[in-house]
Amino acid sequence: MSNRVVEGRMVTAESLAELIEGESPMEATEIEDADRECPDCGGNVISVGYMPSVTAFVTGYKCQDCEWSETEED
Ligand SMILES: [Zn+2]
């Protein structure tokens with residue numbers, strides 16, 4: 001399944017990455033379950049890998065229920 005509901009809105013890998021990063025990624029992989037809980041609300045966290053620029057690859061984490069998000073650079 002590639003589409004998920006985040007904060008009540010349906011997102012794709014690209015729009016999820018955009019939500020986390022604040023701008024459209026050059027490329028985004030599939031949305032995956034991050035297997036962790038949101039530290040703010042205990043909600044389910046999903047992750048997506050994306051490239052904010054040609055030289056960077058980031059894994060973004062996003063809570064499905066609130067505004068919490070986090071990024072990890074690989
Ligand atoms: Zn949350």
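**One helix against a four-stranded sheet**

In helix α1, the residues A13, L16, A17 and I20 are buried. Looking down the axis of α1, these buried residues fall within an arc of 100 degrees, so they line one face of the helix. The cover over the buried residues of α1 includes β1, β2, β3, β4, β5 and β6. This is a predicted model, and the description below starts from the helix and works outward.

Helix α1 takes in residues 13-21. The helix lies across β3, β4, β5 and β6, and runs at about 70 degrees to β3. After α1 comes G22, which has a positive phi near 95 degrees.

The protein as a whole has one helix and six strands. Along the sequence, these elements follow the pattern β-β-α-β-β-β-β. The radius of gyration is 11 Å, close to the 11 Å that the globule rule gives for 74 residues, so the protein is as compact as a globular protein of that length. Taken along the principal axes, the C-alpha atoms fill a box of roughly 35 × 20 × 20 Å. Of the 74 residues, 26% count as buried. Among contacts between residues at least 6 apart in sequence, 34% join residues at least 24 apart.

Next comes the sheet. Four strands make up an open sheet in the order β3-β4-β5-β6, with antiparallel pairing. Strands β3 (27-37) and β6 stand at the edges with a single partner strand each, so one side of each is left without a neighbour in the sheet. From one strand to the next, the twist averages 25 degrees.

Two of the pairings can be followed in detail. Strand β4, residues 44-53, pairs with β5 in the antiparallel sense over seven bridges. Within this pairing, V45 stands opposite C63 in β5. Strand β5 (residues 56-63) is in turn joined to strand β6 (residues 69-73) by five bridges, and these two strands also run antiparallel. Here G60 has T71 of β6 as its bridge partner. Together β5 and β6 form a hairpin, with five residues between them.

The helix and the sheet meet in the nonpolar core. The largest such core has 14 residues, of which A13, L16, A17, A28, I31 and V48 touch the most other members. Elements giving two or more residues to this core are α1, β3 and β4. Three of the residues just named, A13, L16 and A17, are also among the buried residues of α1. A28 shows how the parts come together: leaving out residues up to four places away in sequence, A28 touches A13, E14, A17, V48 and Y50. Of these contacts, A13 and A17 are buried residues of α1.

A different part of the structure is seen around C41, which is placed in the loop between β3 and β4. C41 has 13 C-beta neighbours inside 10 Å and therefore counts as partly exposed, since a residue needs 20 or more to be buried. Setting aside neighbours within four places in sequence, C41 is in contact with C63, D65 and C66. One of these, C63, is the residue of β5 that stands opposite V45. C41 and W68 are 27 residues apart along the chain, and their C-alpha atoms are separated by 8.6 Å.

Last, the backbone has some points worth checking. Most residues other than glycine have a negative phi. E7 is not a glycine, yet has a positive phi of about 50 degrees. E7 lies in the loop between β1 (4-6) and β2 (9-11). With 13 C-beta neighbours inside 10 Å, E7 counts as partly exposed. D35, also a residue other than glycine, has a positive phi near 60 degrees. In contrast to E7 in its loop, D35 is found in strand β3. D35 has 9 other C-beta atoms within 10 Å and is therefore exposed; the limit for that class is 12 or fewer.

Conventions
Residues are numbered from 1 along each chain as its sequence is written. This is a predicted model: local features need pLDDT of at least 70, side-chain atom pairs count only at pLDDT 80 or more; totals for chains, interfaces and linings use all residues. Two strands pair if DSSP finds at least two bridges between them. Axes are lines fitted to C-alpha atoms, for helices over the stretch in contact, and angles run from 0 to 180 degrees between N-to-C directions. Two residues are in contact if their C-beta atoms, placed from the backbone, lie within 7 Å. A nonpolar core is a set of buried Ala, Val, Leu, Ile, Met, Phe, Trp, Tyr and Cys residues joined through C-beta atoms within 7 Å. The arc is that of the directions from the helix axis to the C-beta atoms. The radius of gyration is taken over C-alpha atoms; the globule rule is 2.2 Å times the number of residues to the power 0.38.
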